[in-house]
Amino acid sequence: MCSLQTSNLHWRIGFEIELMAPKGSSRQDLANAIAKSFGGSVRRYFHLQSEFSKVPESPVFDNLTLGFEVVDAKGQWIAKCVDDLTLQDDLDKTQIPKFGWYRIVSDEARLLELVRYQADANAPISEVLNPIAHLFGTTISVGAGNMFRVTDEMGRSIAIAAPLPGERERPCELIFPPIDSNHFYRLESILSIARSLGFTGPIEGAIHLHFDASPLYSARVFANLVNLLWTHGNNLRRLVDTNPKCRRLGNWSNSLIELVNQPEFSYLSWTEAQNLLAKIELTKYCDFNLRNIVHKVPNKETFEVRIFPVWLESQAIIEAARLIEAILQQSIVTDRINFRSPGEWNEMSSFLDELPISEWFRGIYRKKETTDL
């Protein structure tokens with residue numbers, strides 16, 4: 001593959017690649033192999049995530065699951081290997097929980113933040129909640145299924161540590177720190193290790209790309225981006241072969257489209273636009289996540305694209321990133337992109353022609369477009 005093309009990215013991008021460890025292995029094994037390759041070390045920590053609940057009074061359960069951060073000899077972050085609760089179908093849940101693996105559950109995210117900062121992720125399940133029990137002046141109770149529960153003095157649940165369901169150690173979301181140069185080589189140095197260990201793409205798997213949002217802090221640019229993706233988003237999914245089994249995708253609400261297309265919106269300051277956008281119920285669980293831009297999520301002020309399937313070859317990921325980079329550049333350099341209804345598939349040719357992208361990359365997507373006809 002031509003190295004001149006693989007280095008043709010100019011944006012600061014974070015990569016999140018969902019993987020599945022082979023049976024008998026775990027995401028910790030990948031973290032250990034990365035650390036060995038880079039002469040670094042692995043830190044076990046608690047990773048916060050949410051899942052939908054079937055309990056009517058508690059529609060969402062927040063979880064702390066075991067994550068593994070790889071750092072180099074200078075303590076610089078290389079990669080993280082964490083759980084992703086949307087990855088389910090590859091797992092044999094009848095398997096017994098793997099020794100030493102557990103999660104901590106609560107119906108209150110703020111309580112889990114307390115646990116995350118007070119508890120030791122290296123502690124065994126029977127002891128991990130001891131600091132929390134001490135804070136509330138209570139003791140841990142042991143329940144069915146080897147679950148360890150902390151309550152306050154009134155008996156109200158604070159958190160529960162429970163063994164993981166069968167094979168829950170196998171899912172691995174591989175998270176890279178933001179990369180601003182040599183994207184291909186940075187990806188390949190770690191993905192090659194995952195391939196050598198037999199990691200594969202999960203049934204529901206996806207790749208999420210996080211683009212630095214700072215060049216997008218403009219009402220005009222934001223409106224252009226929304227209109228461009230509203231028109232061509234469905235065709236982009238088809239072009240890149242979005243995984244139909246991938247969970248937590250979808251379109252934006254009509255209220256967003258209506259707001260950015262008000263005549264005065266594009267002339268607002270970014271602060272004014274941001275205040276209006278913050279009143280809209282934005283979710284991260286959609287094709288193109290704008291929530292981090294609007295709310296300036298700490299350490300994640302990004303535009304997230306969630307439509308890509310899992311590729312284990314770095315070149316395919318670079319091609320996907322370059323396509324989105326061109327769309328972002330188009331939104332920035334164009335004076336005004338007007339609202340249009342979602343386009344037909346036969347409009348993709350003209351759309352690709354308009355993008356500020358090299359003919360080499362354009363040819364890649366021309367080939368995909370032709371193949372899909």
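Where does Glu-264 lie? In this predicted model, Glu-264 is placed in the loop between α7 and α8. With a relative accessibility of 43%, Glu-264 counts as partly exposed, because that class runs between the limits of 20% for buried and 50% for exposed. The C-alpha atom of Glu-264 stands 9.8 Å from that of Ala-219, although 45 residues separate the two in sequence.

**The loop between α7 and α8**

The loop that joins α7 (254–260) to α8 (270–277) also holds Ser-266. Ser-266 has a relative accessible area of 17%, and it is therefore classed as buried, the limit being 20%. Leaving aside residues up to four places away in sequence, Ser-266 touches Ala-219, Arg-220, Ala-223 and Arg-336. Of these partners, Arg-220 belongs to α6 and takes part in the contact of α6 with α10.

**Overall form of the chain**

The protein chain contains 12 helices and 12 strands. Its C-alpha atoms fill a box of roughly 65 × 45 × 40 Å along the principal axes. For 373 residues, a compact globule would be expected to have a radius of gyration near 21 Å, and the 22 Å of the protein chain agrees with this. Of the 373 residues, 52% count as buried. Among contacts between residues at least 6 apart in sequence, 73% join residues that are at least 24 apart.

**Packing of helices**

Two packed helices are described by the angle between their axes and the distance between the axes. Both quantities are listed below for two helix pairs.

| Helix pair | Angle between axes | Distance between axes |
|---|---|---|
| α2 (residues 27–38) and α5 (residues 183–196) | about 130° | 10 Å |
| α6 (residues 219–240) and α10 (residues 314–333) | about 150° | 9 Å |

With an angle of about 150°, α6 is roughly antiparallel to α10, because angles over 145 degrees fall in that class. The crossing in which α6 passes α10 is right-handed. On the α6 side, the contact is made by Arg-220, Val-221, Asn-224, Leu-225, Leu-228, Leu-229, Leu-236, Leu-239 and Val-240. The residues contributed by α10 are Leu-323, Ile-327, Leu-328, Gln-330, Ser-331 and Ile-332. By class, the contact of α6 with α10 comprises 11 nonpolar residues, three polar residues and one charged residue.

For α2 and α5, the angle is about 130°. This makes α2 oblique to α5, because the value lies outside the ranges for roughly parallel, roughly perpendicular and roughly antiparallel axes. A right-handed crossing is found where α2 passes α5. Helix α2 supplies Leu-30, Ala-33, Ile-34, Ser-37 and Phe-38 to the contact, while α5 supplies Ser-189, Ile-190, Ile-193 and Ala-194. The contact of α2 with α5 is made up of seven nonpolar and two polar residues, with no charged residue.

**The loop between α10 and α11**

Is Trp-345 buried or exposed? Trp-345 has a relative accessible area of 10% and is therefore counted as buried, as the value is under 20%. This residue lies in the loop between α10 and α11 (348–354). Trp-345 and Arg-238 are 107 residues apart along the chain, yet their C-alpha atoms are separated by 8.7 Å.

Note on methods. Residues numbered from 1 in each chain as written. Predicted model: local features only at pLDDT ≥ 70, side-chain atom pairs only at ≥ 80, totals over all residues. Heavy atoms only, no water. Axes fitted to C-alpha atoms, helices over the stretch in contact; angles between N-to-C directions. Helix = DSSP H or I, 4+ residues; strand = E, 2+ residues; numbered from the N terminus. Parallel < 35°, antiparallel > 145°, perpendicular 65-115°, else oblique. Left-handed = near helix turned anticlockwise from the far one by under 90°. Contact = heavy atoms within 4.5 Å. Nonpolar A, V, L, I, M, F, W, Y, C, P; charged D, E, K, R; others polar. Rg over C-alpha atoms; globule rule 2.2 N^0.38 Å. Buried < 20%, exposed > 50% of the residue type's maximum accessible area, 1.4 Å probe, protein only.
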